[in-house]
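Dear colleague,

Please find below the structure that I am handing over to you. My findings follow directly after it, and I would be grateful if you read them with the structure open.

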Amino acid sequence: MKLCLVNPPLATEGAHYVPLGLAYLAALLRESGHEVSVADAQYQSEADVLSKATSADVVGITCISHNFPRAAALASAIKKINPAAQVVMGGPHVTFTDTAVLQQQQCADIIVRHEGEQTLLELLYTLEREGDLSLVSGITYRGEEGIKRTPERPFIQDLDTVPFPARDLFQREKYYTEESVVQILSGRGCSYQCVFCSCASMWGHRVRLRSPQNVVDEIENVIGTYSIRRFGFVDDTFTIVGNHTHGICEEILTRGLDIEWACNVRVDTLTEDLVQLMKRAGCARFFMGVESGNQKTLDFVKKKTTITQIEKAVKIARKYSIEVVISCILGFPNETYTDTERTIDFAISLEGDRYFFNFLLLYPGTELYEHQKELKIKYAVDNPWERVEKTPFPIPTVETEHLNIYELSRLYLRAKAKLECLERERKVSAVK
Ligand code: B12
Ligand code: SF4
């Protein structure tokens, strides 16, 4: 079957990355004999994307919540010019809003929920034979008697059996330049369940890991094909299983790879021994989900970390000259203005190398999304995803019992001002 995979645009600051989900899907389908092409709206005009989609039997579109409105608009345009095509959508947003999406948008025919590889493969097989969609686990579709949801599909257990992402289908001159960072996924799932995050409900509570050999084979393959030496591990927490991180670092060192990489970490997983080894293996940067400077909030959001662990983790990173990118969320439902000020002051006191102060958003599949009424949180604007995507600077969209969007904006400006002070102090001490 002819399949066209579509990457809708995403207004991300700075570098763009190959959409790993589509690259994984393409690899498996191609290996199974399907004709796969990619239309990349991040870099191609809408006319080019539509012309690619006209000849496909099945069009698969990925999205997260932020670019869902643009993905839905693209899907509609595709359906108009190629009404015979089956339009399939997947990703973390539609996984948890499947029924509503099919009810409200005439554009999509089928939603693939959660992990997509096996489901899409089986779906194509069934469509090719005009088979019974109700037998394909993990999909939601428009049946003759309304919207149907098939049972959940078990997650892939042996991730080493999944072929490496088909990176070659994406434009070389855009994604593989001297400045590019190539993303690697060494495992899927998270054993925590922070109330603002959908990772565990999306990928499962049991962490599934690739073998270090398989992960480093992929890295060597990228070096050999694209001469790229900068990588980012996009696992939700790369250090969640110490032995796994250890194994990958040892494998990089044994093979003598001269690479630089970054990863997401949980503060409670960083021991001196591990960080020292990570540094030797090329780790240059940690993305740390600090979230809040208030212990009561860390407990409330079920982060299961402590203020002391955060301070210790930053200290260890600094000792081994690993850059720390600190990420905090402004506007948790339990936090007052003073609490949020404390988060900002605490984050700045950590003297991170970079900061993300994010406004709280309600992502489908999270506990906050499910319990928004009881928690007295609500959207203060219409079409929040469209607003967030289209506004060229961060804007608050969710109000809580304690904080309205004006107060949240003021808190954000306070964070920015404090950051500027920190940077100025650094410049002054550098010239002293
Ligand atoms: C790497 C990453 C990024 C990268 C780049 C992503 C890219 N390639 O363009 C960067 C750093 C740019 C980024 C940015 C952001 N990200 Co991000 N990111 C990730 C991360 C860690 C990994 C993404 C990934 O590659 N996953 C691996 C692939 C294999 O998974 P996948 O894409 O979901 O695809 C699978 C399935 O979903 C499904 N599928 C997906 N699409 C399709 C399509 C079809 C047709 C089918 C059949 C199946 C299917 O099958 C795929 C294979 O199994 C995820 C967390 C995660 N674990 O996924 C967060 C995540 C996607 N990001 C998230 C968020 C919130 C953001 C930011 C808003 C963060 C911020 N505050 O700025 C920004 C948004 C961008 C913007 N507009 O500014 C959220 C999205 C939640 C949501 N409901 O939308 C996630 C899920 C993290 C979380 N904790 O909740 N991100
Ligand atoms: S925030 Fe991190 S630790 Fe918490 S559930 Fe999400 S991925 Fe897991």
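Which element supplies the largest share of the shell around ligand 1? In this predicted model, that element is α1, which contributes four residues.

The surroundings of ligand 1 deserve a fuller description. The ligand is surrounded by 37 residues, and the closest are Gly 21, Gly 60, Thr 62, Gly 90 and Gly 116. At least two residues of the shell come from each of the helices and strands α1 (20-31), β3 (58-62), β4 (86-90), α4 (92-96) and α6 (117-128). By chemical character, the shell consists of 20 nonpolar, 13 polar and four charged residues. Both domain 1 (2-149) and domain 2 (176-431) take part in the shell, each with at least three residues.

I turn now to the protein chain as a whole. Its secondary structure amounts to 17 helices and 17 strands. The chain has a radius of gyration of 22 Å, close to the 22 Å given by the globule rule for 432 residues, and it is therefore as compact as a globular protein of that length. Measuring along the principal axes, the C-alpha trace extends over about 70 × 55 × 40 Å.

Two further values describe the interior of the chain and its contacts. Of its 432 residues, 43% count as buried. When contacts between residues at least 6 apart in sequence are considered, 73% of them join residues at least 24 apart.

With kind regards

Notes: Residues numbered from 1 in each chain as written. Chains lettered and ligands numbered in written order. Predicted model: local features only at pLDDT ≥ 70, side-chain atom pairs only at ≥ 80, totals over all residues. Rg over C-alpha atoms; globule rule 2.2 N^0.38 Å. Buried ≥ 20, exposed ≤ 12 C-beta atoms within 10 Å, placed from the backbone. Contact = placed C-beta atoms within 7 Å. Near = placed C-beta within 6 Å. Nonpolar A, V, L, I, M, F, W, Y, C, P; charged D, E, K, R; others polar. Domains from an automatic or database assignment.
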